[in-house]
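Please open the model in your viewer and keep the selection tool at hand; the tour below goes from one selection to the next.

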Amino acid sequence: QVQVVESGGGLVQPGGSLRLSCAASGSIFSINAMGWYRQASGKQRELVAAITSDSRTNYADSVKGRFTISGDNAKNTVYLQMNSLKPEDTAVYYCNAKLNFRNYWGQGTQVTVSS
């Protein structure tokens, strides 16, 4: 019954901002880590940002300084604030949650950066 659901994707102009949300639900007894991956067309899925249960964060070099990941354990939710968006950020963004020591993936949300 555990699942994760992303929201907040959309179409934005270069330089714009989006905030993605990922909410986990179900029988969760342990939140180990949550993060965001993205997959552009024709590319492999890559890690964008992650946060651990002790609030350690990790960012891809390509987004460092522009994106910020944060979490709310009480809501079982992780956020990705995306600023100064570039066309190269266009991808399907997937939430990954390590819950109960197992990985769960969201369905993905499309982010398109274009003028």
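Begin by selecting Tyr37, Tyr94 and Trp105, which in this predicted model form one aromatic cluster. A search of the whole structure finds two aromatic pairs, and the tour takes them in turn.

Keep Tyr37 and Trp105 in view: their ring centres are 5.0 Å apart and their planes stand at 65°, and because an angle over 60 degrees counts as edge-to-face, the pair is edge-to-face. Colouring strand β4 (residues 31-39), where Tyr37 lies, and strand β10 (residues 102-105), where Trp105 lies, shows what the contact does, since the pair ties together parts that are 68 residues apart in sequence. If you now turn on the surface, Tyr37 counts as partly exposed, at 23% relative accessibility, and Trp105 likewise counts as partly exposed, at 38%.

Next, select Tyr94 together with Trp105, whose rings have their centres 6.5 Å apart and their planes at 85°, so that this pair, too, is edge-to-face. Tyr94 belongs to strand β9 (residues 91-99) and Trp105 to strand β10, so the pair ties together parts that are 11 residues apart in sequence. Is Tyr94 buried or exposed? With a relative accessibility of 15%, Tyr94 counts as buried, the limit for that class being under 20%.

Finally, add Arg45 to the selection and look at the ring faces. Arg45 lies over the face of Tyr94, at 3.8 Å from the ring centre, and Arg45 also lies over the face of Trp105, at 4.6 Å from the ring centre.

How values were computed. Residues numbered from 1 in each chain as written. Predicted model: local features only at pLDDT ≥ 70, side-chain atom pairs only at ≥ 80, totals over all residues. Heavy atoms only, no water. Phe/Tyr/Trp six-rings, centres within 6.5 Å; stacked < 30°, edge-to-face > 60°. Helix = DSSP H or I, 4+ residues; strand = E, 2+ residues; numbered from the N terminus. Buried < 20%, exposed > 50% of the residue type's maximum accessible area, 1.4 Å probe, protein only. Lys NZ or Arg CZ within 6 Å of the ring centre and 35° of its normal.
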